[in-house]
Amino acid sequence: MRYGEPVDEVSDVVQDERRITLTVNGRRRAVEVEPRLLLAHLIREGLGLTGTHLGCDTTSCGACTVLVDGTPVKSCTMLAVQADGHEVTTVEGLGTPSELDPVQEGFSIEHGLQCGFCTPGMMLTSKALLERNPDPSEDEVRWALSGNLCRCTGYQNIVKAVLWAARKQAPAGNGASTNGSGREAES
C-alpha cells in the first residue's frame with residue numbers, strides 16, 4: 001500500500017507480527033510482537049512483569065526504566081523489536097524474596113520509598129550506577145537519578161539508600177570507613 005491510497009479493510013493497515021528473542025531476568029524468551037509495540041507493554045502485558053510502571057509515556061518520569069544490556073532505558077519509548085537479541089532486567093530480576101539485591105535492601109533500610117510507584121525505575125537506575133561506579137558521591141547519585149521523578153519524597157532517603165547499597169557492595173576488608181556519603185571518611 002502506498003502512502004495516500006484509500007484503505008478498504010482494516011487488515012490492510014495492520015502490520016505483521018515479528019518474532020523476537022530476548023533474555024528477560026535471565027530467562028530467554030521468544031515472543032511474537034507487533035513492530036509498534038512498546039517494550040513497556042511487552043514487559044507488563046505480554047510477560048506479566050508488572051513491576052515496570054507506566055507514568056508519562058514521554059520519558060519524563062523514569063517509572064518504566066529497565067536495564068537493557070545493563071544500561072538504564074525508559075521502556076515507554078523503546079520498541080520491543082529493538083530489544084531483539086538483548087538482555088532486559090526488570091525490578092523482578094534484581095533479587096529474590098529470600099535474598100534481596102543490595103539496592104533493594106538499601107531502599108528498605110533507608111526508607112527510600114513511599115508509594116513505590118517510582119521505586120522500580122529508581123532501583124534499576126541505581127543498580128546501573130553502582131555497576132559503573134561502585135563508590136559514587138552524593139552528587140553523582142543525584143545526577144544519575146535526575147531522569148527519575150518521585151512525587152512523594154524529597155529524594156534524600158533515596159540517595160541514602162543508594163549510598164547504603166554502595167557501602168554494602170564494597171569489598172570486605174578494604175579498610176574504607178565511610179561517612180554516609182559513600183566516600184571514605186577523613187581521619
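This note walks through a predicted model of one protein chain, point by point.

1. **Overall make-up.** The chain has five helices and five strands. Their order along the sequence is β-β-α-β-β-β-α-α-α-α. Read that pattern against the structure: two strands open it, one helix follows, then three strands, then four helices.

2. **Inside and outside.** The chain has 187 residues, and 39% of them count as buried. The exposed surface comes to about 10600 Å². Carbon and sulfur atoms supply 47% of that surface.

3. **Contacts across the sequence.** Take the contacts in the chain with a separation of 6 or more. Of these, 52% join residues that sit 24 or more positions apart.

4. **Helix α1 and the strands.** Which residues of α1 are buried? In this helix, residues 39-46, they are Leu39, Ala40, Leu42 and Ile43. An α-helix has 3.6 residues a turn, so residues three or four places apart point the same way. Look for that spacing in the buried set: Leu39 and Leu42 are both in it, and so are Leu39 and Ile43. The buried residues pack against four strands: β1 (18-24), β2 (27-33), β3 (65-68) and β5 (87-89). After α1 comes Gly48, with a positive phi near 75°.

5. **Thr52, in the loop after α1.** Thr52 is found in the loop between α1 and β3. Is Thr52 buried or exposed? Its relative accessible area is 2%, and under 20% counts as buried, so Thr52 is buried. Leave out residues up to four places away in sequence, and Thr52 touches Ile43, Arg44, Ala63, Cys64, Val66, Ser75 and Thr90. Among these, Ile43 is also one of the buried residues of α1.

6. **Thr59 and Gly62, in the loop between α1 and β3.** Thr59 belongs to this loop. Thr59 is not a glycine, yet its phi is positive, about 65°. Thr59 counts as partly exposed, at 32% relative accessibility. Gly62 has its place in the loop between α1 and β3 too. Gly62 is buried, with a relative accessible area of 2%. Beyond neighbours within four places in sequence, Gly62 is in contact with Lys74, Gly121, Gly147 and Asn148. Gly62 and Thr119 are 57 residues apart in sequence, but their C-alpha atoms are 9.6 Å apart in space.

7. **How to read the helix pairs.** Two packed helices are described by the angle between their axes and the distance between the axes. The next three points use both values.

8. **α2 with α5.** Helix α2 covers residues 102-109 and helix α5 covers residues 156-169. Their axes are 8 Å apart, at an angle of about 135°. That angle makes α2 oblique to α5. The crossing is right-handed. On the α2 side, the contact is made by Pro102, Val103, Glu105, Gly106, Phe107 and Ile109. On the α5 side, Ile158, Ala161, Val162, Trp164, Ala165, Lys168 and Gln169 take part. By class, the contact has nine nonpolar, two polar and two charged residues.

9. **α3 with α5.** Helix α3 covers residues 119-132. The axes of α3 and α5 come within 11 Å and cross at roughly 40°. So α3 is oblique to α5. The crossing is right-handed. From α3 come Met122, Ser126, Lys127, Leu129 and Leu130. They meet Ile158, Val162, Ala165, Ala166 and Gln169 in α5. These residues divide into seven nonpolar, two polar and one charged.

10. **α2 with α3.** What is the angle at which the axes of α2 and α3 cross? It is roughly 125°, and the axes come within 9 Å. This makes α2 oblique to α3. The crossing is right-handed. Val103, Gln104 and Phe107 of α2 make the contact with Thr119, Met122, Met123, Ser126, Lys127 and Leu130 of α3. The classes here are five nonpolar, three polar and one charged.

11. **His111, between two of these helices.** His111 lies in the loop between α2 and α3. Its phi is positive, near 55°, in a residue other than glycine. His111 has 57% relative accessibility and counts as exposed.

Note on methods:
Residues numbered from 1 in each chain as written. Predicted model: local features only at pLDDT ≥ 70, side-chain atom pairs only at ≥ 80, totals over all residues. Heavy atoms only, no water. Buried < 20%, exposed > 50% of the residue type's maximum accessible area, 1.4 Å probe, protein only. Contact = heavy atoms within 4.5 Å. Areas by Shrake-Rupley, 256 points an atom, 1.4 Å probe, with all protein chains shown as cover. Axes fitted to C-alpha atoms, helices over the stretch in contact; angles between N-to-C directions. Parallel < 35°, antiparallel > 145°, perpendicular 65-115°, else oblique. Left-handed = near helix turned anticlockwise from the far one by under 90°. Nonpolar A, V, L, I, M, F, W, Y, C, P; charged D, E, K, R; others polar.
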